[in-house]
Amino acid sequence: MFTKVFFGIFFSTLYAIFNVTGAAIIKAKLKNSTLINFNDWLGFLFSFTTVGAFALIFVSALFMFKALSTLNFTFIMPIA
């Protein structure tokens with residue numbers, strides 16, 4: 001039982017780290033950009049930094065799914 005709790009907390013921690021890091025990267029890039037027309041938006045969305053940040057958020061979702069498969073929903077969600 002201890003190993004399940006440990007892995008649940010471990011995967012929840014990885015979820016939080018990857019999710020917050022991806023969101024912070026997008027927020028910092030958005031703060032330093034001016035998005036006036038459609039081409040600016042496309043350039044922002046398909047830049048290497050933004051795609052990498054979205055990849056981090058996607059990986060964080062995989063960590064959350066693993067944490068939820070390890071322990072009960074009622075235990076994982078307050079931690080995350």
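This is a guided tour of a predicted model, given as a series of selections to make in the viewer.

**Whole chain**

Start with the entire protein chain in cartoon view. It has four helices and zero strands, and from the N terminus on the elements run α-α-α-α. Turn the view to the principal axes: along them, the C-alpha atoms fill a box of roughly 55 × 15 × 15 Å. The radius of gyration of the protein chain is 16 Å, whereas a compact globule of 80 residues would have one near 12 Å.

Now show the surface. The accessible surface of the protein chain comes to about 5,700 Å², and carbon and sulfur atoms hold 74% of that area. Of the 80 residues, 22% count as buried. If contacts are displayed for pairs with a separation of 6 or more, 68% of them are between residues 24 or more positions apart.

**The nonpolar core**

Next, select Phe11, Leu14, Tyr15, Phe63, Met64, Ala67, Leu71 and Ile76 and show their side chains. These eight residues form the largest nonpolar core of the model. Two or more residues of this core come from helix H1 (2-31), and the same is true of H3. In soluble globular proteins, nonpolar side chains tend to be buried together.

Centre on Phe63. Which residues does Phe63 touch, not counting those up to four places away in sequence? They are Phe11, Leu14, Tyr15 and Phe18. Phe11, Leu14 and Tyr15 are also among the core residues.

**Along helix H1: Gly22 and Lys27**

Move to Gly22, which is found in helix H1. Is Gly22 buried or exposed? Gly22 counts as buried because its relative accessibility is 0%, and the cut-off for buried is under 20%. Leaving aside neighbours within four places in sequence, Gly22 is in contact with Ala53, Leu56 and Ile57. For a distance check, pick the C-alpha atoms of Gly22 and Met77: the two residues are 55 residues apart along the chain, and these atoms are separated by 20 Å.

Then select Lys27, also found in helix H1. Lys27 counts as exposed, because its relative accessibility is 60% and the cut-off for exposed is over 50%. Add Ala53 to the selection. Lys27 and Ala53 are 26 residues apart in sequence, and the distance from C-alpha to C-alpha is 9.9 Å.

**On helix H3: Ala55**

Select Ala55, which is found in helix H3. With a relative accessible area of 39%, Ala55 is partly exposed. Its C-alpha atom and that of Asn19 are separated by 9.7 Å, with their positions 36 residues apart along the chain counted as the sequence separation.

**The nonpolar surface patch**

Finish on the outside. Select Phe38, Leu42, Leu45, Phe46, Val51 and Phe54, which make a nonpolar surface patch of about 600 Å². Colour the patch by element: helix H2 (38-45) and helix H3 (48-70) each give two or more residues to it. Which element gives the largest share of the nonpolar patch? That is H2, with three residues.

Last, zoom in on Phe46, one of the patch residues. Where does Phe46 lie? Phe46 is in the loop between H2 and H3. Phe46 counts as exposed, because its relative accessibility is 62%. To end the tour, show the core and the patch together: Phe63 and Met64 are among the core residues, while Val51 and Phe54 are among the residues that make the patch.

Conventions
Residues numbered from 1 in each chain as written. Predicted model: local features only at pLDDT ≥ 70, side-chain atom pairs only at ≥ 80, totals over all residues. Heavy atoms only, no water. Rg over C-alpha atoms; globule rule 2.2 N^0.38 Å. Buried < 20%, exposed > 50% of the residue type's maximum accessible area, 1.4 Å probe, protein only. Contact = heavy atoms within 4.5 Å. Areas by Shrake-Rupley, 256 points an atom, 1.4 Å probe, with all protein chains shown as cover. Patch = residues over 30% accessible without salt bridge, like charges linked within 9 Å, V, L, I, M, F, W, Y side chains within 5 Å. Salt bridge = Lys/Arg side-chain N within 4 Å of Asp/Glu carboxyl O. Core = buried A, V, L, I, M, F, W, Y, C linked by side-chain atoms within 4.5 Å.
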